[in-house]
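Colleague: I'd like a close look at one part of this model before I lean on it, and then a walk through whatever surrounds it. Plain language is fine.

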Amino acid sequence: MIRPTFVCGLAALAAIVTASGEDFPLTFRTIPAKDVMSFPGGSGPYTLLRPVKPTKLRQEPRAMSRHPLYGESRVTPSGPAFLFRLDESKGDGKGYDQLIVDMNQNGDLTDDPVSPRVVLPTDRRTGSSDQMVFGPIQAPADKAVAGGRPVYFAQVYTFNRELLTSGRPDQITPSIFGQVMLKAGWYLDTTVEINGLKQKVGVYDGDSNLRLGDVAQSQISTTRAEKYWYFRPGDNLLVDTDGSGSFENDVFESDSCPFGPILYLGPKAYKVALAPDYKSLRVEPWTEPLAEVALSHRGDLVRSLTLAWQPPGGQWQLIRPAVTNGKVMVPPGDYRLYACSLLGKGAPRDQVMVSGIQRVPQSPVSIVAGKANTLNCGAPLDIKVTAVKSRASARGLLAEDTGGGKASSDYVLRINANVAGAGGEIYSTYLKGDGFKSRPPKPAFTIVQAGGKTVANGSLEYG
């Protein structure tokens with residue numbers, strides 16, 4: 001895999017702005033049910049659903065289904081838990097249509113309201129699987145924020161229905177039959193007016209934990225002796241970048257960024273702080289030195305960039321600097337590339353966007369104000385193709401080829417392709433056309449023997 005590198009050179013400082021900061025009052029807003037799942041910003045973690053009661057569940061109403069499904073979710077390992085119960089109000093086998101969430105987190109579902117299913121155009125059923133949305137789910141009165149009570153919606157997937165009704169307890173109990181995810185149906189917003197700038201800005205409960213101001217926390221996991229790096233969900237700052245008067249979602253996440261002390265409004269950086277009572281947002285020009293970072297090779301193709309920043313003596317946090325003419329301005333500190341989105345040239349109907357993530361933790365690299373810094377990311381893209389020849393075992397599974405005289409028809413050739421950027425990020429999203437609602441043509445392949453004879457051809461599948 002290609003690793004990201006940073007090179008230092010010529011100096012650049014951000015201009016010192018003399019204007020002082022100001023506190024802007026925040027207003028509580030709710031999101032219509034039909035718009036919640038597409039609203040910009042994050043969501044709580046997915047929670048698995050099983051027909052087994054969580055140990056934290058002390059009391060619940062009588063279930064109508066013979067197979068109610070339960071889940072338990074924590075945003076942090078030591079934090080309070082949300083308990084879930086999915087039920088069938090019309091009886092067993094009639095379809096899940098009621099959800100109870102332990103919003104006050106006391107282990108008792110009898111004092112929480114029953115949330116109905118919301119029928120949305122995006123709901124779908126495929127075979128034995130269902131996608132559903134439940135809500136609105138209102139937070140307890142003591143969780144009111146800026147004059148309003150937060151509301152949430154739950155996206156639920158169920159599957160393996162035939163196994164659930166098979167009557168085999170030994171198979172049912174350990175199995176997973178669905179997953180649930182909470183997403184906030186509320187936010188706070190204000191209009192920032194500073195240094196001649198007028199911009200609608202908001203704060204969103206991206207991790208759906210009934211509070212605001214959470215910064216995403218970095219985590220490292222190890223799988224098969226390989227380390228992977230990711231960030232637990234945090235909250236989001238919202239920006240009405242196109243001046244439409246509302247916060248909208250797009251493939252580049254233009255109207256949302258990870259919550260933190262720095263916010264880019266246009267090309268300029270601002271320092272932001274949320275009041276402890278959530279009633280106001282303080283915004284002031286960023287007056288500390290910024291370092292200029294040039295995006296190497298084809299920086300003009302970079303549409304959005306997410307970096308992990310570690311200030312001196314601080315914790316890792318995500319920032320999304322504004323990309324201007326292939327360059328970004330960022331505070332000094334240690335950095336790692338985290339995500340990158342590219343936009344190809346051409347007419348809107350022909351444009352292709354790709355986005356990728358760097359999940360392998362790299363050695364931190366220092367970015368210094370007063371020196372030129374170059375970040376490798378994006379183009380040129382390197383396509384790595386692997387092929388594994390496998391044979392069908394007696395049980396119908398695939399086993400790696402170890403030789404022997406089997407006929408070629410007894411084997412399966414598994415082909416995989418990874419697209420890596422110049423910083424080692426792996427690209428997995430490919431979209432094209434107006435609004436980026438379609439995918440480019442599938443990559444084609446041809447298998448040729450050593451003598452030049454073509455033995456097979458086909459197309460690779462995305463994902």
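Colleague: How many contacts beyond four places in sequence does the model have for residues 1–19, where pLDDT stays under 50?

Modeller: The model has 60 of them for residues 1–19, a stretch where pLDDT (the predictor's confidence in each residue, from 0 to 100) stays under 50. A contact here means heavy atoms within 4.5 Å. Residues 394–398 also have pLDDT below 50, and that stretch has 7 contacts beyond near neighbours in sequence.

Some ground rules: residues are numbered from 1 along each chain as its sequence is written, and side-chain values use heavy atoms, with hydrogens and water left out. The model is predicted, with local features needing pLDDT of at least 70 and side-chain atom pairs counting only at pLDDT 80 or more, while totals for chains, interfaces and linings use all residues.

Across the protein, the average pLDDT is 86, and 87% of the residues score at least 70. The lowest confidence is in strand S1 (residues 6–8), with a mean of 34, and the highest is in strand S17 (residues 236–239), at 98. In total there are 3 helices and 35 strands, both being DSSP runs numbered from the N terminus (helices are H or I, at least four residues; strands are E, at least two). Of the 463 residues, 44% count as buried; that label means under 20% relative accessible area, with exposed over 50% and partly exposed in between (1.4 Å probe, protein chains only). Taking contacts between residues at least 6 apart in sequence, 61% join residues at least 24 apart. The protein exposes about 23300 Å², and carbon and sulfur atoms supply 51% of that, by the Shrake-Rupley method with a 1.4 Å probe.

Now the sheets. Strand S2 (22–25) is an edge strand, as is strand S19 (262–265), and each pairs on one side only. They belong to an open sheet of 4 strands in the order S2-S21-S20-S19, paired antiparallel, where two strands pair if DSSP finds at least two bridges between them. From one strand to the next, the twist in that sheet averages 35 degrees (axes are lines fitted to C-alpha atoms, for helices over the stretch in contact, and angles run from 0 to 180 degrees between N-to-C directions). S2 is joined to strand S21 (residues 280–285) by 4 bridges, running antiparallel, and Pro25 has Ser280 in S21 as its bridge partner.

The loop between strand S20 (268–274) and S21 holds Tyr278. Its phi is near 65 degrees, a positive value in a residue other than glycine. Most residues other than glycine have a negative phi, and most peptide bonds are trans. Tyr278 counts as buried because its relative accessibility is 18%. Asn325 also has a positive phi, of about 55 degrees, although it is not a glycine. Asn325 sits in the loop between strand S24 (317–319) and strand S25 (327–330) and is exposed, with a relative accessible area of 74%.

Another open sheet has 5 strands in the order S3-S13-S14-S17-S18, with antiparallel pairing. Strand S3 (27–30) and strand S18 (256–258) stand at its edges with a single partner strand each, so one side of each is left without a neighbour in the sheet. The twist there averages 30 degrees from one strand to the next. S17 and S18 pair antiparallel over 3 bridges, and Asn236 has Pro258 in S18 as bridge partner.

Strand S12 (residues 178–184) is mostly covered, with 6 of its 7 residues buried. S12 pairs antiparallel with strand S4 (residues 47–49) over 3 bridges, one of them putting Thr47 with Val180. Strand S11 (residues 151–158) joins S12 through 7 bridges, also antiparallel, and Thr158 stands opposite Gly178.

A few local details to finish. Cis peptide bonds, with omega about 0 degrees, join Gly135 to Pro136 and Ala379 to Pro380. Pro136 is in strand S10 (residues 129–138), and Pro380 is in the loop between strand S29 (373–375) and strand S30 (382–392). Gln358, in the loop between strand S27 (352–357) and strand S28 (365–367), counts as buried because its relative accessibility is 2%. The Gln358 side chain reaches the backbone oxygen of Gly423 at 3.1 Å.

Key:
A polar contact is a pair of N or O atoms within 3.5 Å; within protein, one must be able to donate a hydrogen and the other to accept it, and residues adjacent in sequence count only if both atoms are side-chain atoms.
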